[in-house]
Amino acid sequence: MLLSWEHTVSKILDVFRLGSIKRKILVFSLLATLIPSLSMGWIFYRYADQFVTEKIAQDLGTATAQNVRQLGLWRKERIYEVRVFSSSYEVSETLDKITRGGLAQATDGVATRRLQEYLKSVREKFVDYEELMVLNTAGQVIATSAGRVSRPGLPPDWQKRAQAGSPIVSEAYRDDALNKMAVLVAVPISAQDGRFLGVLAVKLNFRTIKEILNSSLLGKTGQASVVAQDGTLIATSGTNSSALMKLELPFDLSQPVSEAEPVLEEYVDPDGRTVIGTLRRMPQMDWSIVAHIEKEEVYAQTARIRVLTMTICGGLLLAIGLTAYVLGLTIVRPLDRLTTGAAKVAAGDLEVQLSVAGHSEVRYLTEVFNDMVARLRTDRVELARINGTLIEKNEELQILSIADSLTGLYNRRHFMEVLPNEIARASRHKRALCVMMIDIDHFKEYNDASGHQAGDALLKKIGLIFKESLRSADYAARYGGDEFIVLLPETEATRAVEVAERLRERVVEETTAETRRLLVSLCIGVAAFPEHGLTLEAIVASADSALYQAKRNGRNQVVLAGNDVQPGMKMAS
Ligand code: GH3
Ligand code: MG
């Protein structure tokens, strides 16, 4: 019995065209592979993505922090150095002398040359120094390490700050004389007595800064830059971007310096590459460090994981799909064979023998099927044999039921069944019909003389003579004892009498010749339809009565019922 849930499930499966076992196995296997592998892959990918993001945030944070520290240190060291030189005897004393001697003397004087020589010697020792200048309080260049005097780019309030004793660090700028980026560091020069004499200004190049930026590079595409507060690029580890260009950065450059980890942002760099970067403010000055790395490089690993997951999933799907298909076939093919076999058996072909393979439930089913068919085959042979016997027996019975066992003629019962039909037919077609009643003369005596077996033999012989002498349409039957009855359809009385006469003569001739000693003769009474009766009983009675008339007339003769007495024949009374 099919349960209601089975109905529902099969309806749903039919909608998805999943009726066949093969497809069910295939879809189940694919789902069983896809769902876990995709979900695991997705979880793994998400974790990897998160991990990579955290890692890059950490790396960029560390890189910028390192740069800020090193740049801060660089700045501090440079100021310290310049302070050392500015407070040197050569500088302060010479400047004091020159200041006291007047500007005219200063420009041509020995003191000035000495100072210039000193500045040159210092410049040569330090790679970061491009030019050293000594400025008086009015901002006039007293001495310079360079051959010609250039205008120092000091902030407007430099004198105030210098007098206060604090060092001055200028904005980064493009120096036209040097044709490169530079920054100016100036420290006050004081006389022995503490008088403010001027400043020692040093033009610094970005060589070391570039080295610092380069030292902290991440991966292949990592880049670190120094930007001013307005987003102007001051220095970069990259070669493509030119300094002083304004960068479009997603960071708030005016935010106060914080100790917190900088935020990670995704943006497009001047070279048009999508990058992930971070910005860290320098606490000592208005510079910030921006470090970024190409997004593609950062997520290359997760992209590889994604491709790998998809490849593994694809491979698994292919392998599992193929396995499921083959497994499905091993189930479905034997079932198909079983179905075809069952259809053949249903159509009556019992020669079906299915091949058995494997150790599955289907194998057991196939074996049971083969056994069943073999048993059916044996049963059918047995049934056919029994049927054959039954038919034979039936035929025998049929013959037995209508035949007389001794003579092989019809028996009286069958004759009496046939006769009414024949009368009806003759009546319908207005045709004649005759009945002969026959009795052996003195048969008792014959029996007595020759024995009962000889009597039987005689009865058989007479039966044979009747069969041979009559037409196939005639019916000859043993009426009982030594009496016979014959029906001659479509035969007139005169013709019937002729037949009766011929029968009588043949019996006399043949049996007498055989028995030699004894004369065997017959009495025959003939009755015709419709003259001598319209019913079975009436006709038989007429023939019987004619027979007795023949007996009475002295035996061995034919008598026709009624008045139609043929020559040599007696009339039945
Ligand atoms: P009738 O001329 O008057 O007919 O004299 P009948 O001796 O033939 O007298 P009836 O016809 O009355 O006797 C029939 C005899 O036929 C009696 C019986 O002994 C014999 N008979 C009947 N049936 C059989 C049989 O099956 N086999 C043999 N051998 N004899 C039979
Ligand atoms: Mg008799």
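## Exercises on pockets, cavities and a ligand

The residues lining the second largest cavity fall into eight nonpolar, no polar and two charged. Keep in mind that you're working with a predicted model.

### Exercise 1

Task: Work out which residues and elements make up the wall of the second largest cavity, and which element gives the most.

Solution:
- Step 1. Start with the space itself: the second largest cavity has a volume of about 40 Å³.
- Step 2. Now find the wall. The lining is made of W74, R75, R78, I79, V169, V183, V185, L204, M285 and W287.
- Step 3. Sort that list by class. The two charged residues of the lining are R75 and R78, since Arg counts as charged.
- Step 4. Match residues to elements. Helix α2 (21–86) and strand β5 (180–190) each give two or more residues to this lining.
- Step 5. Pick the top contributor: α2 gives the most, with four residues.

### Exercise 2

Task: Describe the largest cavity and say what class of residue is missing from its lining.

Solution:
- Step 1. Count first: there are three cavities of 30 Å³ or more.
- Step 2. The largest of these cavities holds about 50 Å³ of space.
- Step 3. Ten residues can be a lot to look at, so begin at the centre: of the 10 lining residues, Q223, S225, L233, L247 and H292 are the closest to it.
- Step 4. The elements that supply two or more lining residues are β7 (223–227), β8 (233–236) and β11 (288–294).
- Step 5. Check the classes: five nonpolar, five polar and no charged residues, so charged is the missing class.

### Exercise 3

Task: Describe the largest pocket by its volume and its lining.

Solution:
- Step 1. The largest pocket contains about 350 Å³ of space.
- Step 2. It is lined by 18 residues, and those closest to the pocket centre are V169, S170, E171, D286 and W287.
- Step 3. Split by class, the pocket lining has nine nonpolar, four polar and five charged residues.
- Step 4. Look back at Exercise 1: V169 and W287 also line the second largest cavity.

### Exercise 4

Task: Find out how the protein holds contacts with ligand 1, and which elements surround this ligand.

Solution:
- Step 1. Get the neighbours: 16 residues surround ligand 1, with H442, F443, N447, D456 and R555 the closest.
- Step 2. Check the backbone. A backbone N or O atom of F443 sits 2.9 Å from an oxygen atom of ligand 1, and a polar backbone atom of H452 is 3.0 Å from a nitrogen atom of the ligand.
- Step 3. Now try a side chain: R478 has a polar side-chain atom 2.9 Å from an oxygen atom of ligand 1.
- Step 4. Compare these distances with the cut-off. A polar contact needs N or O atoms within 3.5 Å, so the pairs above qualify.
- Step 5. See how much is covered: on its own, ligand 1 has 630 Å² of accessible area, and the protein covers 68% of that.
- Step 6. The elements giving two or more residues to the shell are β13 (433–440), α12 (443–450) and α13 (452–469). Of the elements, α13 gives the most, with four residues.
- Step 7. Finish with the classes: the shell has three nonpolar, five polar and eight charged residues.

### Exercise 5

Task: Look at the backbone of R555 and of the F529 and P530 pair, and say where R555 and P530 lie.

Solution:
- Step 1. Take R555, one of the residues closest to ligand 1. Its phi is near 75°, which is positive, and R555 isn't a glycine.
- Step 2. Place R555 on the chain: it's in the loop between α15 and β17 (557–560).
- Step 3. Move to F529 and P530, which are joined by a cis peptide bond with omega of about 5°.
- Step 4. P530 belongs to the loop between β16 (522–529) and α15 (536–552).

### Exercise 6

Task: Place F196 in the structure and list what F196 touches.

Solution:
- Step 1. F196 is in strand β6 (residues 196–204).
- Step 2. Leaving out residues up to four places away in sequence, F196 touches T137, Q159, A162, Q163, P188 and I189.
- Step 3. Now look along the chain: F196 and L233 are 37 residues apart, and their C-alpha atoms are separated by 35 Å.

Note on methods. Residues numbered from 1 in each chain as written. Chains lettered and ligands numbered in written order. Predicted model: local features only at pLDDT ≥ 70, side-chain atom pairs only at ≥ 80, totals over all residues. Heavy atoms only, no water. 1 Å grid on protein atoms, 1.4 Å probe; cavity = no way out; pocket = protein on both sides within 12 Å on 5 of 7 lines; lining within 4 Å. Points joined across faces, edges and corners; volume = space filled by probe spheres on them. Near = heavy atom within 4 Å. Polar contact = N/O pair within 3.5 Å; in protein donor to acceptor, adjacent residues only side chain to side chain. Areas by Shrake-Rupley, 256 points an atom, 1.4 Å probe, with all protein chains shown as cover. Contact = heavy atoms within 4.5 Å.
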